[in-house]
Amino acid sequence: MMKRRVVITGMGGLSPIGNTVPEMWENAKNGVCGIDTIKSFDTENHKVKVAGELKNYNPEDYMDKMQARRTARFTQFALIAAREAMACSGLSMETEDAARCGVNISSGIGGLPTIEEEHYKGIKRGFDRVSPLFVPMAITNMAAGMVAIEHGFKGSCTCIVTACASGTNAIGEAFRQIRDGYADIFLTGGAESCISELGIGGFTSMKALSEEPDPKRASIPFDKERGGFVMGEGAGVLLLEEYEHAAARGAKILGEVAGYGVSCDANHMTAPLEDGSGAAACMMQAMEDAGITAEQIGYVNAHGTATPMNDKCETLAVKSAFGDAAAKLLMSSTKSMTGHLLGASGAVEALFTVSALADQFAPPTVGYKVPDPECDLEIVPGRGRTMDTEYAMSNSLGFGGHNASIIFRRV
């Protein structure tokens, strides 16, 4: 069967550096750091004091009070990002076959703050008196379900949960559905919001988070002094569409999904394979899927979490997958500006990667100061750089050994 081309016709998102895609991308290009002291709870008894929270976010600017109260924060983010992607695409469901329109919106943890709040209520008032909305608000698939309801998409509606690889896996699997003929349109990406006492506490106790109090030196991927990641929140949603379908309705094409690779380290609950071979296999698979060579990729949006192990292993993986071409590659971690959005990270980074190709501009790894000989690729420190490339890759590596790589093509 002939593989169909899959293009991007809509993008929407919220992150610590902007509440729309144009605002996010402008700030990413300019190296604006969205990490600051935590405002949503009192951090006095916490070792971690900083995170990437959304700025000037009020759900009632986007939905009525009733919907805001009945919807978990991560689901609110998904709904808002999906609306922006739909508006950007100009798609009208009145002329579409709803059964050929799917949703795949991931989340790593889902409604964790809701679980916390209702548990407190249960201890106080009795567990039979927790909110009747507790379960539908907390479950991880509800963002995908609510997006499908709002837009009337009646095809496949799923939610991939692969920790920090979730967003990239969601986009990759949606790409395959369209390419292989099962659907014509997909709203896909990820949403996450777990900057809460339990969320921050859990990652702190496993020594994953940076305890650096200075927001500008907390998320420093590939820097020798890195000490862990900084939690972020937000959502990214792309509208993927079969190329002929998009062309027939005169849609503006923002980019193309060219290839997707997925693998598992099958090694450890949280640590990546030390030689980076699992991640390398996934990158090579994505290149093979796209039918291109490493030399054709000019930019990589790295997973780049700023944990000591991840950045070292990802550097090895890129060198292994790209061979001699790794030396000429521009690679950056936008987590230096947004923090780590867990299950939404791959989705927001896909928005940045598509935008980087469109503008031929590699966003910077901000806050980077101290070179690490074990992370010796060109990671675009300080300021972004112009580039000239047709293809770019975005990588996501998750707890459980999940690896996902996606390649985008400039159109």
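Buried, in this talk, means under 20% relative accessible area. Keep that cut-off in mind. The model is a predicted one.

Start with Cys-164. Its relative accessible area is 8%, so Cys-164 counts as buried. The UniProt annotation "active site" covers this residue, and that comes from an unreviewed entry. Where does Cys-164 lie? It lies in the loop between β5, residues 157–158, and α7, residues 166–179.

Now its contacts, leaving aside residues up to four places away in sequence. Cys-164 touches two histidines, His-303 and His-340. It also touches Leu-342 and Ser-345. Then come Ser-396, Leu-397 and Gly-398.

Those last three take us to strand β13, residues 391–398. How many of its residues are buried? 8 of the 8, so the strand is largely enclosed by the rest of the structure. In a regular strand, side chains alternate between the two faces of the sheet. Here both faces are covered. One side has Tyr-391, Met-393, Asn-395 and Leu-397, all buried. The other has Ala-392, Ser-394, Ser-396 and Gly-398, again all buried.

Next, the partners of β13. Strand β9, residues 297–301, pairs with β13 in the parallel sense, over 4 bridges. Ile-297 stands opposite Tyr-391 there. Strand β14, residues 402–409, pairs with β13 in the antiparallel sense, over 8 bridges. In that pairing, Met-393 stands opposite Ile-407.

Last, the turn. β13 and β14 form a hairpin, with 3 residues between them. Gly-400 sits in that turn and has a positive phi of about 95 degrees.

To close: the annotated Cys-164 touches residues including Ser-396, Leu-397 and Gly-398, and β13 is largely enclosed.

How values were computed:
Residues numbered from 1 in each chain as written. Predicted model: local features only at pLDDT ≥ 70, side-chain atom pairs only at ≥ 80, totals over all residues. Heavy atoms only, no water. UniProt positions renumbered as here; feature names shortened; annotations may be inferred. Helix = DSSP H or I, 4+ residues; strand = E, 2+ residues; numbered from the N terminus. Buried < 20%, exposed > 50% of the residue type's maximum accessible area, 1.4 Å probe, protein only. Contact = heavy atoms within 4.5 Å. Pairing = 2+ DSSP bridges.
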